[in-house]
Amino acid sequence: MKLQKFTEHCYAFTGAVTIGYCVKDGKGLLIDSGLDDSAVKKVMRILEGEGLPLDYCVITHAHTDHFGGAHYLKSKYDISLFALKFEKAIIENSILEPIYLFNGAVPINELRNKFLEGQAVEVDGELFSGENIIGPFTFDVIDLPGHSHNQAGLLVDEILYAADSYFGRETLKKHVIPFIVDADQTLESLEKLLHISCKGAIPGHGRFEDDITQTVKENIELHKERMNSLLAVVNTCPNGKTIDHILKEYLELHMITVSNVGQWLLFRTSVTAYLTSLERKKLLSFLIQNNEMILKPC
């Protein structure tokens, strides 16, 4: 983990997960808190070593790798936490993520781990779309849903902390099928990124770039290709296939071998998001046949 400086006021801790940091008038603002206590402890050691303050923390979205360290921050340092309303509900009731991954039922123990269920923590204040003020910090909250239901990007001092609205090239290649909950919103958010005026941006997973146009376009093309290849799988059987059958063929098509239940459920969520978009476009339909949910091409 390294502290990278962008402007007089804007920094980021770079590594597996980006943690933004801003400082102004003797106050410090963290943007996300990493996966767990260990990540936040590293942040605090660096800040203390540099003589930098920390007073507030904004959470961009309620995925564990972005809010997992918030409980430690609040309990150890009494840091005030802020998030958008929908994401706030999940952060304060973190079992909701394994619940929705497990079709709404009480999740099995295998899903109740730090990668899918961060330690729940009370959020002190709500963010709103548009201009927000926290202490000496004035910043714009930009709605960038798709990867999560109510994800926020923050524009601070003309630096865009874009959360997981797009991924850096290395991360995009590594994940193969990025996690999303809504394919249409994902593409709309990516298009929005192309029109945000800023001096540079950094994603939740990836490097800072002065111009993110090409990286964002690569994200757009990947999602379109993934959706088209999924439709091709559906179209191979005019009489229909079950979602599980389609998921299996789709993962094999992209040479993905799943090693655990949590990983399989994450891929299933992304695939379902693509299928929902294709259904909206009337390219396939969801049906029940012989007590099974079937997808048929239109």
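**Exercise 1. Classify Pro238 as buried or exposed, and place it in the chain.**

Solution. In this predicted model, the relative accessibility of Pro238 is 58%. Exposed means over 50%, so Pro238 counts as exposed. The next step is its position: Pro238 belongs to the loop between α8 and β13 (241-242). Beyond four places in sequence, the residues that Pro238 touches are Lys296 and Pro297. A C-alpha to C-alpha distance of 8.5 Å separates Pro238 from Cys298, although the two are 60 residues apart in sequence.

**Exercise 2. Determine how the overall dimensions of the protein chain relate to the globule rule.**

Solution. Begin with the secondary structure: the protein chain contains ten helices and 15 strands. Its radius of gyration is 20 Å, and the globule rule gives 19 Å for 298 residues; the two values are close, so the chain is as compact as a globular protein of that length. The C-alpha trace spans about 65 × 40 × 30 Å along its principal axes.

Next, consider burial and surface. Buried residues make up 53% of the 298 in the protein chain. The exposed area is about 13600 Å², of which carbon and sulfur atoms supply 50%.

Contacts and charges complete the account. Taking contacts between residues at least 6 apart in sequence, 67% join residues at least 24 apart. The chain has 29 positive and 40 negative charges, and their mean positions lie 4 Å apart.

**Exercise 3. Identify the elements that contribute two or more residues to the largest nonpolar core, and examine two leucines of the α7 region.**

Solution. The largest nonpolar core has 37 residues, and those with the most contacts inside it include Leu160, Tyr166 and Leu193. Two or more residues come from each of α7, α8 (213-235), α9 (243-253) and α10 (261-280). Helix α8 gives the largest share, seven residues. Separate from this core is a second one of 25 residues, with Ala62, Ala83, Ile90 and Val121 among them.

Now turn to Leu193. Leaving out residues up to four places away in sequence, Leu193 touches Leu144, Leu160, Ser165, Tyr166, Ile212 and Val216.

Leu190 is part of helix α7, which covers residues 183-193. Its relative accessible area is 0%, so Leu190 is buried. With the same sequence neighbours left out, the contacts of Leu190 are Ser165, Tyr166, Val216, Asn219, Ile220 and His223. Met227, by C-alpha positions, is 15 Å from Leu190 in space and 37 residues from it in sequence.

**Exercise 4. Locate Glu158 and Ala163, each with a positive phi, and state whether each is buried or partly exposed.**

Solution. The expected sign comes first: most residues other than glycine have a negative phi. Glu158 is not a glycine, yet its phi is positive, at about 65°. Glu158 sits in the loop between β10 (152-156) and β11 (159-161). Its relative accessibility of 42% makes Glu158 partly exposed.

Ala163 likewise has a positive phi, near 55°. Its place is the loop between β11 and α6 (169-175). The cut-off for buried is under 20%; Ala163 has a relative accessibility of 5% and therefore counts as buried.

**Exercise 5. Describe the surroundings of two strand residues, Thr14 and Phe137, beginning with the strand in which each is found.**

Solution. Thr14 is in strand β2, residues 10-14. At 21% relative accessibility Thr14 is partly exposed, since buried would require a value under 20%. Apart from residues up to four places away in sequence, Thr14 touches Met1, Lys2, Gln4 and Ile202. Ile202 is 188 residues from Thr14 in sequence, while their C-alpha atoms are 9.5 Å apart.

Phe137 is in strand β9, residues 137-143. With a relative accessibility of 3%, Phe137 counts as buried. Its contacts beyond four places in sequence include Cys22, Val23, Lys24, Lys27, Gly28 and Leu29, and also Tyr56 and Asn132. Gly28 and Phe137 are 109 residues apart in sequence, and the C-alpha to C-alpha distance is 9.0 Å.

Conventions. Residues numbered from 1 in each chain as written. Predicted model: local features only at pLDDT ≥ 70, side-chain atom pairs only at ≥ 80, totals over all residues. Heavy atoms only, no water. Helix = DSSP H or I, 4+ residues; strand = E, 2+ residues; numbered from the N terminus. Rg over C-alpha atoms; globule rule 2.2 N^0.38 Å. Buried < 20%, exposed > 50% of the residue type's maximum accessible area, 1.4 Å probe, protein only. Contact = heavy atoms within 4.5 Å. Areas by Shrake-Rupley, 256 points an atom, 1.4 Å probe, with all protein chains shown as cover. Lys, Arg positive; Asp, Glu negative; His and termini not counted. Charge placed at Lys NZ, Arg CZ, Asp CG, Glu CD. Core = buried A, V, L, I, M, F, W, Y, C linked by side-chain atoms within 4.5 Å.
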